[in-house]
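Let's take a walk through this model together, starting with one loop residue and working outward to the whole fold. Keep the sequence and the 3D view side by side as you read.

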Amino acid sequence: MPVMVLPLAGGDTVERIAARMLAHLPPRFALAGVSLGGIVAMELLRRAPERISRLCIMGAGPLAETPQQAADREPHIIAARTGRLMDVLRETLPLEALAPGPGRLDIHNLFCQMGMELGPQMFVAQSRALQRRLDQQATMRRVHVPALVLAGEHDTITPVAKLRVLAQLIPDAQLQVIAGAGHLPVLEQPDAVNRALLHWLAVPVS
């Protein structure tokens, strides 16, 4: 089974990012997204539901940001533009958002390293996209493909309770909590995530 991984690039709104992705994706595909990728996945579903054969969301909720949440991003945007991206990345994903254990610091450092490689311009564009994102609750209620919601047991950014609400919006969605994981289960517990994804991919499509 071919797998495509697309960067979350192409603009400073979720809509522009999704439009760029749709131009590169096949006519029909299974879709999985983590964090901002999950938010973009919801927009892809809103725009092209007929092209998506199944859906998996990890660590992302369907709500738009409140004015206060959007305003809280401004100091980080300013700091990233003025040479303090590493500090911003450490604050954006605090250690407490990852599962406790011996690998926590290594995963946090890996996240920060990847963020530094993408650079401040990408951070600002993605922050703007998050600030402006749409409420996708109505979109989620219209999902009629096999759907999986994955939650990290220790995620403090998108806690299990919020992902339970998302799963309840989606008809017949399955919620699975990944033990020993926080906001980045794909890095923290990759084997458990892969098992969950393989099971999701095996669910018959009606």
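## From an exposed aspartate to the whole fold

D172 is exposed, because its relative accessible area is 73%, over the 50% cut-off. Please keep in mind that the model you are looking at is predicted. You will find D172 in the loop between α9 and β4. Its backbone deserves a glance too: phi of D172 is near 65 degrees, a positive value in a residue other than glycine.

D172 also leads us to a pocket. Among the 13 residues that line the second largest pocket, P146, A147, D172, Q174 and V203 lie nearest its centre. The elements that each give two or more residues to this lining are β3, β4 and α11, the last covering residues 190-202. The largest share, 3 residues, comes from α11. By class, the lining of this second largest pocket has 8 nonpolar, 4 polar and 1 charged residues, and the pocket's volume is about 220 Å³.

Now step back along the chain to helix α9, which spans residues 160-169. Which of its residues are buried? They are V160, L163, L166, A167 and L169. As a reminder, an α-helix has 3.6 residues a turn, so residues three or four places apart point the same way. The buried residues of α9 pack against two helices, α2 (36-47) and α8 (137-141), and against the strands β2 (52-58), β3 (147-152) and β4 (174-178).

Just ahead of α2 there is another residue to look at. S35 sits in the loop between β1 (29-34) and α2. Like D172, S35 has a positive phi without being a glycine; for S35 the value is near 55 degrees. S35 is partly exposed, because its relative accessible area of 22% falls between the 20% and 50% cut-offs.

Next, the cysteines. C56 counts as buried because its relative accessibility is 0%, and C112 counts as buried because its value is 2%. How many disulfides does a search of the whole structure find? The search finds 0.

C112 takes us on to helix α5, residues 85-92, where D87 has its place. D87 and C112 are 25 residues apart in sequence, and their C-alpha atoms are 9.1 Å apart in space. D87 is partly exposed, with a relative accessible area of 40%. Helix α6, residues 104-118, holds D106, which is exposed, with a relative accessible area of 57%. From D106, look across to Q69: these two residues are 37 apart along the chain, and their C-alpha atoms are separated by 28 Å.

Finally, let's view the protein as a whole. Its secondary structure comes to 11 helices and 4 strands. The C-alpha trace spans about 50 × 35 × 35 Å along its principal axes. Does the radius of gyration tell us what we would expect, or what does a compact globule of 206 residues call for? Such a globule would have a value near 17 Å, and the protein has 16 Å, which agrees. Of the 206 residues, 46% count as buried. Residues 24 or more positions apart account for 72% of the contacts with a separation of 6 or more.

Key. Residues numbered from 1 in each chain as written. Predicted model: local features only at pLDDT ≥ 70, side-chain atom pairs only at ≥ 80, totals over all residues. Heavy atoms only, no water. Buried < 20%, exposed > 50% of the residue type's maximum accessible area, 1.4 Å probe, protein only. Contact = heavy atoms within 4.5 Å. Disulfide = S-S within 2.5 Å. 1 Å grid on protein atoms, 1.4 Å probe; cavity = no way out; pocket = protein on both sides within 12 Å on 5 of 7 lines; lining within 4 Å. Points joined across faces, edges and corners; volume = space filled by probe spheres on them. Nonpolar A, V, L, I, M, F, W, Y, C, P; charged D, E, K, R; others polar. Rg over C-alpha atoms; globule rule 2.2 N^0.38 Å.
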